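Biologist: Hello! Please take a close look at the ligand site for me, and then place it among the other details that a computational chemist would want to check.

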Amino acid sequence: MCGIIGLTCIPGSTPDRPSLMVYRGLLRLEYRGYDSAGVASVSAESSRVVVLKGRGRIAELEGKYGFSKVDGFTIVAHTRWATHGAPIDVNAHPHTDCGTKIAVVHNGIIQNYRELRRELTSRGHIFVSETDTEVVPHLVEELYGKRRDIYSAFKKAVEVLEGSYAIALISVVEPDKIFFARKDSPLIIGLGNGFNFVASDIPAFLEYSRRAVVLRDYEVGYITPVSAFIEDLRESRPVDYTHRVRFIEWSIEDASKGGYAHFMIKEILEQPRALKNTLQGIEGDDGFRKAVDLLLNANRIYVTAAGTSYHAALYYSLLMQRLAGAQVVPFIASEHYSYEGVVSEGDLLIAVSQSGETIDSLVALRAFRERGAKVIALSNVIDSAIPRESHLALYTRAGPEIGVAATKTFTTQALALAWLAVSYALAVGRLTVSEAEGIRGELRSSPRLVSEIMPLIEDRARRLSEWLSARSSAYYLSRGVGLPVAMEGALKLKEIAYVHAEAYPAGESKHGPIALVSSGFPAVFVVPVDNYLEKLLLGNVQEMKARSAVTIGVAPLGTSLEDQLDYLLPVPRAHWALTPLTHTLPLQLIAYYTAVARGFDPDKPRNLAKTVTVE
Ligand code: G6P
């Protein structure tokens with residue numbers, strides 16, 4: 001998705017050249033996915049805003065335009081991921097008004113842009129792009145013509161917009177300010193000394209500022225180099241944000257590659273630490289106890305999410321069924337409307353989202369709240385929209401995840417949800433104290449267990465990936481709690497290595513999918529530590545072998561399937577409930593190595609974005 005970074009500073013007060021600080025921020029936004037980028041700047045002497053932009057990678061555009069050398073002390077920049085209008089130079093942000101006195105960067109979608117564009121065109125405004133965003137500078141230009149006050153013109157313009165937006169605007173009229181507005185798309189202020197940032201993402205300014213204010217929907221305002229002003233558009237009153245200033249604990253190393261070839265491999269290997277930090281968070285936070293109370297008082301329980309987070313949600317529902325005998329309805333967030341008819345007061349929704357900003361999950365949450373349901377959020381980003389709009393927020397502590405494909409956030413979500421399920425099962429008497437403590441003890445040892453996997457499988461995973469990189473399709477099969485893990489493995493291979501992969505319950509093979517299997521077809525089995533499932537899976541492995549498929553197993557050391565499998569990726573033995581913790585890393589690694597072997601950049605998968613803020 002698109003990214004925004006803006007900086008305004010007192011000349012001479014910044015640690016680096018202002019345009020270089022913005023450029024570095026822009027590079028840190030790359031991971032969100034983009035097709036074009038641009039920069040706009042003003043200074044006290046400017047009579048026009050300077051805009052440099054185009055289609056392509058940031059490094060190429062830097063070579064062409066010198067983003068990092070642009071003059072000025074108030075600068076906004078953007079990475080664009082095309083929604084309205086093709087990814088061509090003219091559609092890249094920033095966009096300007098007719099007089100080139102205003103420049104705007106925008107994330108989100110302005111739904112009423114057609115009407116606005118028609119109206120503004122009829123008043124003589126000339127549009128040069130196909131984007132929805134371009135209406136904003138023209139609208140502000142129009143309103144400024146009447147009011148002669150740029151902030152009030154900006155506010156008035158924002159009031160007219162429908163849809164979702166994070167906007168940053170600069171103007172020659174007040175060249176030391178960046179005006180901003182937020183609705184349904186993240187925007188954060190980063191505070192410095194003699195300079196301030198506004199950005200769509202914390203890592204964009206983390207190198208220079210660790211004090212942040214996460215903006216809320218309907219907040220508008222501006223930053224100057226020494227202050228920030230925020231007001232609530234609906235109430236037209238200034239907001240006292242001093243108690244909302246947060247110190248960001250993530251280090252800049254967390255948000256840098258630190259010598260690794262890609263963020264994805266770094267984040268795969270960071271899992272033991274991410275799990276350890278998440279465990280500390282769980283044990284030191286009484287949110288989990290409060291969550292159990294909410295669960296105990298709920299009529300029906302639902303769990304929703306998108307993408308990888310949905311696999312964690314599905315795992316949670318299977319765990320609640322098996323450990324606690326409780327029914328939890330899992331659904332994909334964008335399918336929320338199918339469930340709304342049955343939701344009523346007393347129901348509970350758990351919304352799982354690493355970013356806390358996925359619009360599909362946010363819309364589902366709002367729909368459930370409107371019908372009286374309580375909501376618990378599980379997110380990796382403090383103060384993001386989903387936790388903020390929930391009755392109770394729980395957090396994973398995976399640190400920033402930069403690779404577009406989720407890795408460490410999935411295993412930390414699984415850990416937090418397993419903890420919640422065990423606590424609930426104990427509270428309803430389905431687990432005894434010693435059984436619950438047994439599983440919790442294993443969850444506590446998950447950082448160690450996960451750290452043991454890499455040495456066991458690294459070479460094998462690499463060799464297997466060489467072979468997989470020449471295949472065009474694969475099945476990922478499992479049963480029970482292994483199924484969401486198989487789904488996650490298939491998604492990873494598909495999204496970063498562009499090899500078609502499908503996951504389904506292993507017992508379904510005979511009902512259709514096996515028709516595709518012929519000699520050399522890859523069938524990856526996720527084998528939980530469970531005698532019953534292991535026996536069932538043995539039959540499925542044999543079924544595949546009988547069709548000359550190549551059978552690959554992610555299975556505990558000493559599995560009885562060993563003789564049957566063509567290829568084994570061994571994992572440590574642990575309680576079956578820990579399957580996503582013990583079995584996911586090999587699948588992430590296979591996807592990573594396969595992507596690399598096929599010559600693709602695993603951090604920037606085509607057509608995908610890290611945080612999807614459009615429905
Ligand atoms: C995007 C990302 C996925 C992610 C999904 C949900 O599609 O590319 O990797 O799993 O959004 O994101 P969330 O932040 O809500 O977990």
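Modeller: With pleasure. A disulfide here is a pair of cysteine sulfur atoms within 2.5 Å. With that cut-off, a search of the whole structure comes back with 0 disulfides. Please keep in mind throughout that this is a predicted model. Two cysteines can be described by their burial: Cys2 has a relative accessibility of 10% and counts as buried, and Cys9 is buried too, at 4%.

Now to the site you asked about. There are 13 residues around the ligand, and those that come nearest are Ser309, Ser353, Ser355, Thr358 and Ala609. Helix α9, which covers residues 307-324, gives the largest share of this shell, with 3 residues. The space that the ligand takes is the second largest pocket.

The polar surroundings can be followed atom by atom. Thr358, one of the nearest residues, places a polar side-chain atom 2.5 Å from an oxygen atom of the ligand. Thr308 takes part through its backbone: one of its backbone N or O atoms lies 3.0 Å from a ligand oxygen. Val404 also takes part through its backbone, with a polar atom 3.3 Å from an oxygen atom of the ligand. As for cover, the ligand taken alone exposes 390 Å², and the protein buries 90% of that.

From there, let us turn to an aspartate in a helix. Asp360 lies in helix α11, residues 359-370. Is Asp360 buried or exposed? Its relative accessible area is 17%, and since the cut-off for buried is under 20%, Asp360 is buried. Asp360 and Ala92 are 268 residues apart along the chain, and 25 Å separates their C-alpha atoms.

Another aspartate, Asp132, sits in the loop between α3 (113-122) and α4. At 3% relative accessibility, Asp132 counts as buried. Its C-alpha atom and that of Pro330 are separated by 35 Å, with the two positions 198 residues apart along the chain.

Two strand residues come next. Ser473 belongs to strand β21, residues 473-478, and is buried with a relative accessible area of 14%. What does the side chain of Ser473 make a polar contact with? The partner is the side chain of His500, at 2.9 Å. Ile188 is part of strand β9, residues 188-191, and counts as buried at 7% relative accessibility. Ile188 and Ile150 are 38 residues apart in sequence, and their C-alpha atoms are 22 Å apart in space.

Finally, the backbone geometry deserves a friendly word of its own. Most residues other than glycine have a negative phi, and most peptide bonds are trans. Against that background, three places can be picked out by their torsions. His93 and Pro94 are joined by a cis peptide bond, with omega of about 0°. Pro94 is placed in the loop between β4 (74-80) and β5 (95-96).

The other two places concern phi. Arg148 is not a glycine, yet its phi is positive, at about 55°. Arg148 lies in the loop between α4 (135-147) and α5 (150-160). Asp383 is not a glycine either, and its phi is positive as well, at about 70°. Asp383 is found in the loop between β19 (374-379) and α12 (385-388). How do these two fare on burial? Arg148 is exposed, with a relative accessible area of 57%, whereas Asp383 is buried, with a value of 10%.

To draw the picture back to the ligand: its oxygen atoms have polar neighbours in the side chain of Thr358, in the backbone of Thr308 and in the backbone of Val404, while helix α9 supplies the largest share of the shell.

Terms used
Residues numbered from 1 in each chain as written. Predicted model: local features only at pLDDT ≥ 70, side-chain atom pairs only at ≥ 80, totals over all residues. Heavy atoms only, no water. Buried < 20%, exposed > 50% of the residue type's maximum accessible area, 1.4 Å probe, protein only. Near = heavy atom within 4 Å. Polar contact = N/O pair within 3.5 Å; in protein donor to acceptor, adjacent residues only side chain to side chain. Areas by Shrake-Rupley, 256 points an atom, 1.4 Å probe, with all protein chains shown as cover. 1 Å grid on protein atoms, 1.4 Å probe; cavity = no way out; pocket = protein on both sides within 12 Å on 5 of 7 lines; lining within 4 Å. Sits in = over half its atoms within 2 Å of the grid points. Helix = DSSP H or I, 4+ residues; strand = E, 2+ residues; numbered from the N terminus.
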